[in-house]
Amino acid sequence: MSQDDFSHDAGRGWAGLTDRLVRLARPNGTEPGFVNPPVSRGSTVLYESMDAMRARSGRRYDHELIYGAMGGPTQALLEEAIAAIEGGRHTQVVSSGLAACTTPLLAFLGAGGHCLMPDSVYGPTRRFCDSMLRRLGVETTYYDPMIDEAGLHALMRPTTQVVFAESPGSHSFEVQDVAMLGRVAHEHGAKLMLDNTWGIHIFQPFEHGVDVSIQALTKYPSGHADAVLGAITVVDQADWVVLRDSVVQLGQYAGPDECWLTLRGLRTMGVRLERQSRSAMAVALWLQDRPEVARVLHPALPGSPGHEFWKRDFSGASSLFGVVFQREFTAAAVEDMVAALGVFGLGASWGGYESLALPTTGIVSRTAVVSPHPEPAGPALRLHVGLESPEELIADLAGGLEVLRAASI
Ligand SMILES: Cc1ncc(COP(=O)(O)O)c(C=O)c1O
């Protein structure tokens, strides 16, 4: 199979994952033989003596059960699973995907520090930089996600503590040269953090120089649109101590019920994504040939921004991508189109079993790059492809495009 055939078989990279997901992070034998762990809920942990309490308290970096807010056995199993999927050593689960972005930023940045953020970053992460971090005396510079090595060197300052990446951007889908970002960040003594929610397993962050990998577990890992959760993973022990210290100080916590749901969702993530990713590619290829469409922003399609890095670094694709319509269509007409869809729901999240459509014109802020898309740039739509059949999804979109055309006359 050639590389370009592989581009059209984006489901391939998920195939090997299922075997691992079935086996990893099973209960450790203390239970009566059930396949799955119980949900361990708790706050207070009782100790036999003060000596025992003191001995445990010194071990808060070791996932020891010390007090409920520091995490218990259900959290620990999910953390073990995520660390294995991403090739990391330590994972910390937190209350949401957004908390998984903000917590390491707080851990590794300090007053007078400087942070480099891709212009394509998830909106709430941008807002955190522009309000909370600014208030705490941290300056953020937004960079073009397709920046080259010389350009990035030029933006680094002696105070730069963090280079952040989100690859691909979850609205504009630029795949970044993560290895280059890591090289430059490390040369200047900074950490590289990556929001790896799209690439969950098909991009192995620590093989490309990432120091801190972030997952919104709300998306594909939980996979059923019924839990909100995040994970932060590191390989380096010193990074783990800094991260874990901040987590404990901030009182960051993930509830056992959400962790259990996510652990259950994870078992089927490989098969879900194998199907969803193939269906997404079928839908993307169909859209690409439609006269109403100017560009399909799907990392596995030649011509999508950073496609060469996707080909070099990823072993497959997720099922979230973007569509840019021709300039003759208005953003209001795209909203009419979405309202007419019967299979795709209108919703902001992604990664569940259900397909979603979200008009994205006007919700993407850009300060470093005026437009992420070369001309002609019309209104944009983000699609998340779920478990429905591609035939049903394409028929739904065909009806939607009729409404788009009618609304634009
Ligand atoms: C790329 C990315 N990172 C982080 C998040 C935040 O995840 P959560 O909704 O769990 O806070 C999202 C949510 O949409 C996202 O798309």
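This is a walk through a predicted model, going from its seven-stranded sheet to the ligand, a buried threonine and a second set of strands.

Let's start with the big sheet. It is open, has seven strands in the order β1-β7-β6-β5-β4-β2-β3, and mixes its pairing. At the edges sit β1 (90–94) and β3 (139–143), each of which pairs on one side only. From one strand to the next, the twist averages 20°. As general background, strands of a sheet pair through backbone hydrogen bonds, either parallel or antiparallel.

Strand β6 (residues 212–216) is a good place to see both kinds of pairing. Its link to β5 (residues 191–195) is parallel and consists of three bridges, with Asp195 standing opposite Ile214. Its link to β7 (residues 230–234) is antiparallel and has five bridges; there, Ala216 has Gly230 as its bridge partner.

How many of the five residues of β6 are buried? Five of the five are, which leaves the strand mostly covered. In a regular strand the side chains alternate between the two faces of the sheet. In β6, the buried residues Val212, Ile214 and Ala216 take one side, while Ser213 and Gln215, also buried, take the other, and both faces are covered.

Further along the sheet, β2 (residues 114–118) and β4 (residues 160–166) run parallel and share three bridges. Leu116 stands opposite Val163 in that pairing. Helices lie over this part too. Helix α6 (residues 123–135) lies across β2 and β3, at about 155° to β2. Helix α8 (residues 178–187) lies across β4 and β5, again at about 155°, this time to β5.

Now for the ligand. There are 14 residues around it, and those that come nearest are Ser96, Gly97, Leu98, Ala216 and Thr218. Ala216 is a familiar name here: we met it among the buried residues of β6. The element that gives the most to the shell is helix α5 (residues 97–108), with three residues. Sorted by class, the shell has seven polar, five nonpolar and two charged residues.

Next, look at Thr262, which lies in helix α10 (residues 256–267). Why does Thr262 count as buried? Because 27 C-beta neighbours fall inside 10 Å of Thr262, against a cut-off of 20 or more. Leaving aside residues up to four places away in sequence, Thr262 touches Leu78, Leu217, Pro221, Ser222, Ala227 and Leu229. For a sense of scale, Thr102 is 160 residues away along the chain from Thr262, and their C-alpha atoms are separated by 21 Å.

The last stop is β12 (380–384) and its surroundings. All five of the five residues in β12 are buried, so the strand is largely enclosed by the rest of the structure. Ala380, Arg382 and His384 are on one side, Leu381 and Leu383 on the other, and both faces are covered. β12 pairs antiparallel with β9 over five bridges, where Val324 has Ala380 as its partner. It also pairs antiparallel with β11 over four bridges, and Pro359 stands opposite Leu381.

Helix α13 (residues 331–340) has Ala333, Val334 and Met337 buried. Seen down the helix axis, the buried residues of α13 fall within an arc of 100°, so they line one face. That fits the usual geometry: an α-helix has 3.6 residues a turn, so residues three or four places apart point the same way. What covers the buried residues of α13 includes β9 (320–325), β11 (356–359), β12 and helix α14 (390–407).

Conventions. Residues are numbered from 1 along each chain as its sequence is written. This is a predicted model: local features need pLDDT of at least 70, side-chain atom pairs count only at pLDDT 80 or more; totals for chains, interfaces and linings use all residues. A residue is near a molecule or strand if its C-beta atom, placed from the backbone, lies within 6 Å of it. Helices (H or I, at least four residues) and strands (E, at least two) are DSSP runs, numbered from the N terminus. Ala, Val, Leu, Ile, Met, Phe, Trp, Tyr, Cys and Pro count as nonpolar, Asp, Glu, Lys and Arg as charged, and the others, Gly among them, as polar. A residue is buried if 20 or more other C-beta atoms lie within 10 Å of its own, exposed if 12 or fewer, and partly exposed in between; C-beta atoms are placed from the backbone. The arc is that of the directions from the helix axis to the C-beta atoms. Two residues are in contact if their C-beta atoms, placed from the backbone, lie within 7 Å. Two strands pair if DSSP finds at least two bridges between them. Axes are lines fitted to C-alpha atoms, for helices over the stretch in contact, and angles run from 0 to 180 degrees between N-to-C directions.
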